[in-house]
Each structure stands twice: as C-alpha cells, then as structure tokens.
Amino acid sequence: MKKVENKQAFEEAIQAERVVVMFSADWCPDCHFIDPAMPRIEADYPEIDFIHADRDALIDVCQQYDIFGIPSFVGFKNGEEIDRFVDKKNERQKKK
C-alpha cells in the first residue's frame, strides 16, 4: 500500500480513477488488526489504488475530509469522494 506523507501527495493520489484511502495511526489497535487482510484485498482489486494516510501526520487532511475515527476507508474517483466505510458496525456514509 502506497503511503502519502503530506497533503500535496494526498491530493495528487486521490486524482486517480479509483482510489481507496485508509486513514490510520501507529497507535491504533483496530488499524493493526486490519493490516494482515490488506495485501489480499489489494490483490483481489488490482484496478484500485490503495493509499495509506497516517492520521497524525495528515491531521489537516483528516479535518478537511471529516475523518473522526480510525480506521476509516474513503473511496475517491477522479478526486471526488464517492463512499466511505468508517466503523466496525458496517455503517457506511455516502457523500452526496
């Protein structure tokens, strides 16, 4: 999974046709619980660019995109948010 280190790299990464950004942090146990599954998910969906965004390093991006909990997965298409998966209760929040 490609890691973005700053806001500019994040904004460039989400311009691709299909992107899923995983927001997480080193200290987050739920985030690390998901880690072993990610290579398989990435292999199953090669048409999607999977990006890792560290919540602590990109706090301004998290504020901009209303990322309040982690891990959070946000889908983008050509720079526009199209979907998000934000908690372990399987609740999804679609942007209108």
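The following questions and answers go through strand 4 and its surroundings in a predicted model.

Visitor: In what order do the five strands of the open sheet lie?
Guide: The pairing in this open sheet is mixed. Its edge strands, each pairing on one side only, are strand 1 (2-4) and strand 5 (80-85). From one strand to the next the twist averages 30°. The order of the five strands is 1-3-2-4-5.

Visitor: How many bridges hold strand 2 and strand 4 together, and in which sense do they pair?
Guide: Strand 2 covers residues 19-24 and strand 4 covers residues 72-77. Within this pairing Val21 has Val74 as its bridge partner, and Val20 stands opposite Gly75. The two strands are joined by five bridges, and the sense is antiparallel.

Visitor: Which residue of strand 5 stands opposite Phe73?
Guide: Strand 4 and strand 5 run antiparallel and are joined by five bridges. In that pairing, the residue of strand 5 opposite Phe73 is Phe85.

Visitor: Which residue in the hairpin of strand 4 and strand 5 takes a positive phi?
Guide: The hairpin has two residues between its strands. The residue in question lies in the loop between strand 4 and strand 5, and its relative accessible area of 44% makes it partly exposed. It is not a glycine, although its phi is near 50°. The residue is Asn78.

Visitor: Is strand 4 largely enclosed or largely open, and how many of its residues are buried?
Guide: A residue counts as buried under 20% relative accessible area. Strand 4 has six residues, and it is largely enclosed by the rest of the structure because most of them meet that cut-off. The number buried is five.

Visitor: What kind of aromatic pair do Phe10 and Phe76 form?
Guide: Phe10 belongs to helix 1 (residues 7-13) and Phe76 to strand 4, so the pair links parts of the chain 66 residues apart. Both residues are buried. The ring centres are 6.0 Å apart and the planes stand at 85°, which is over the 60 degrees needed. The pair is therefore edge-to-face.

Visitor: What is the angle between the ring planes of Tyr65 and Phe76?
Guide: Tyr65 sits in the loop between helix 4 (59-64) and strand 4, 11 residues from Phe76. Both residues are buried. Their centres are 5.5 Å apart and the pair is edge-to-face. The angle between the planes is 90°.

Visitor: Which residues do ring pairs link into a cluster?
Guide: There are four aromatic pairs by the ring-pair rule. Phe76 takes part in a pair with Phe10 and in another with Tyr65. The linked residues are Phe10, Phe23, Tyr65 and Phe76.

Visitor: Which element gives the most residues to the largest nonpolar core?
Guide: This core has 26 residues, and Phe10, Val21, Phe23 and Phe76 touch the most other members. Helix 1, strand 2, strand 3 (49-54), helix 4 and strand 4 each supply at least two residues. With five residues, the element that gives the most is strand 2.

Visitor: Which residues does Phe76 touch beyond four places in sequence?
Guide: Two of its contacts, Phe10 and Tyr65, are also its ring partners. Others include Ile14, Glu17, Arg18 and Val19. The remaining names are Val21, Glu81 and Ile82.

Visitor: Which residue is joined to Pro71 by a cis peptide bond?
Guide: Pro71 is placed in the loop between helix 4 and strand 4. The omega of the bond is about 0°. The residue joined to Pro71 is Ile70.

Visitor: Is Pro71 buried or exposed, and what is its relative accessibility?
Guide: Pro71 touches Met22, Phe23, Cys28, Asp30, Cys31, Ile34 and Val86, leaving aside residues up to four places away in sequence. Its C-alpha is 4.9 Å from that of Ser24, although the two are 47 residues apart in sequence. Pro71 counts as buried, and its relative accessibility is 12%.

Visitor: What is the relative accessibility of Asp66?
Guide: Asp66 lies in the loop between helix 4 and strand 4. Its phi is near 55°, a positive value in a residue other than glycine. Asp66 counts as partly exposed, and its relative accessibility is 38%.

Conventions:
Residues numbered from 1 in each chain as written. Predicted model: local features only at pLDDT ≥ 70, side-chain atom pairs only at ≥ 80, totals over all residues. Heavy atoms only, no water. Pairing = 2+ DSSP bridges. Helix = DSSP H or I, 4+ residues; strand = E, 2+ residues; numbered from the N terminus. Axes fitted to C-alpha atoms, helices over the stretch in contact; angles between N-to-C directions. Phe/Tyr/Trp six-rings, centres within 6.5 Å; stacked < 30°, edge-to-face > 60°. Buried < 20%, exposed > 50% of the residue type's maximum accessible area, 1.4 Å probe, protein only. Core = buried A, V, L, I, M, F, W, Y, C linked by side-chain atoms within 4.5 Å. Contact = heavy atoms within 4.5 Å.
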